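Q: I should like a close look at one part of this model, followed outward into its surroundings. Please keep to what the coordinates support, and give the cut-off for each term.

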Amino acid sequence: MKLLLTAAALALAAGCAPPLSIAMYKREDDGTTDAWCEQFCVTPPLIPEVKQFGDVSFGRCDKNGYPFYDHSETFLKVFKVDLYRKQKPSNSTVAMSLSPAFGDLAAACRAFEPDTSLNGSVTWDESHSVCSFQCAAKDSLSCMTCPDGIISAFSRADAGTPLAKCTKTMKPSEDNPDVVTDSCPEWQMELNMHGTGKIGGMTVEVDVHSQHSLAVLRESLTKGRLSMVV
């Protein structure tokens, strides 16, 4: 599986390389002019797995109504996705600007609405004062590609603590990671394959414990700023 994904990780700006990889795209169209299209290269053996996300077609975004490149996202530093828009993006789309720190973490958590393309949910744990975001890769390609964007957002914002103070664990082992956890003083992200060994079986959960960390997560997962990678 790792070898297949590595072969699929091509520079999309230069295009795919048939027959080794095939151009495919997925539209995240909510009926507005701010709709997104996700462009990626897929090796033939992975095509059935990618199609399980639904609404995936052969071809390119810029040839199917989404002519403007916006930004790229990378899943686990391996699987790259280019995002296109119907309208030319403004500088504010690709520049990260944090909202002011929230005064009430619980209220801000309950008001947090991630981009609809993630098909995710947000819950507030009163007993532990933790705001949690969850999504499943089987329901959303955006969910599948968002983890590296989240890490990048926290790295840029510093989220109250340098990433050098964070730890990463892989269980049962680094050679066979089923659960990957990034733990920091103010936030934690868990990627869980649930024993499937497939990206399509992965769930993503991010727990934040501070106003600043919630602001970073909110900015990285809301419409127009979804998981930007630099």
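In which sense do β1 and strand β2 (residues 36–42) pair, and over how many bridges?

A: The model is a predicted one, in which local features require pLDDT of at least 70 and side-chain atom pairs count only at pLDDT 80 or more, while totals for chains, interfaces and linings use all residues. Residues are numbered from 1 along each chain as its sequence is written, and side-chain values use heavy atoms, with hydrogens and water left out.

Strands β1 and β2 pair in the antiparallel sense, over seven bridges. Strands count as paired if DSSP finds at least two bridges between them; the strands themselves (E, at least two residues) and the helices (H or I, at least four residues) are DSSP runs numbered from the N terminus. Within the pairing of β1 with β2, Glu 28 stands opposite Trp 36. Strand β1 is also joined to strand β3 (residues 56–58), again in an antiparallel arrangement, by three bridges; here Lys 26 faces Val 56 of β3. Of the seven residues of β1 (residues 22–28), five are buried, so the strand is largely enclosed by the rest of the structure. Buried denotes under 20% relative accessible area, exposed over 50%, and partly exposed the range in between, for a 1.4 Å probe and protein chains only.

Trp 36 has a further partner: the charged end of Arg 85 sits over its ring, 5.1 Å from the ring centre. A charge is assigned to a ring in this way if NZ of Lys or CZ of Arg is within 6 Å of the ring centre and within 35 degrees of the ring normal.

Strand β2 also carries one end of a disulfide, that is, a pair of cysteine sulfur atoms within 2.5 Å. The structure holds four of them. In one, the sulfur atoms of Cys 37 and Cys 61 are 2.1 Å apart, and the link is left-handed, with -80° about the S-S bond. This pair links distant parts of the chain, Cys 37 in β2 and Cys 61 in the loop between β3 and β4, 24 residues apart. Cys 37 is buried at a relative accessible area of 0%, and Cys 61 is likewise buried at 0%.

Aromatic rings of Phe, Tyr and Trp (its six-membered ring) pair if their centres lie within 6.5 Å; planes under 30 degrees apart are stacked, over 60 edge-to-face, and the rest tilted. Two aromatic pairs satisfy this rule. In the edge-to-face pair of Tyr 69 and Tyr 84, the centres are 5.7 Å apart and the planes make an angle of 75°. Tyr 69 belongs to strand β4 (residues 68–75) and Tyr 84 to strand β5 (residues 79–85), so the pair ties together parts 15 residues apart in sequence. Tyr 69 is partly exposed, at 42% relative accessible area, whereas Tyr 84 is buried, at 7%. Phe 154 and Trp 187 form a stacked pair, 4.1 Å centre to centre with 5° between the planes. Phe 154 lies in helix α5 (residues 141–157) and Trp 187 in strand β10 (residues 187–192), so this pair ties together parts 33 residues apart in sequence.

The nonpolar cores complete the picture. A core is a set of buried Ala, Val, Leu, Ile, Met, Phe, Trp, Tyr and Cys residues joined through side-chain atoms within 4.5 Å. The largest has 46 residues, and Val 204 and Leu 217 have the most contacts inside it. Helix α5 gives the most to this core, with eight residues. A second, separate core of six residues includes Tyr 25, Cys 37, Cys 61 and Tyr 84.

Helix α6 (residues 211–221) has eight of its eleven residues buried, so it is largely enclosed by the rest of the structure; Leu 217 is among the buried ones. The cover over these buried residues includes α4 (105–111), β7 (130–136), α5, β10 and β11 (203–208), where contact means heavy atoms within 4.5 Å. Another disulfide joins Cys 109 and Cys 131, with sulfur atoms 2.1 Å apart. The torsion about its S-S bond is about 85°, so the link is right-handed. Cys 109 lies in helix α4 and Cys 131 in strand β7, so the pair ties together parts 22 residues apart in sequence.
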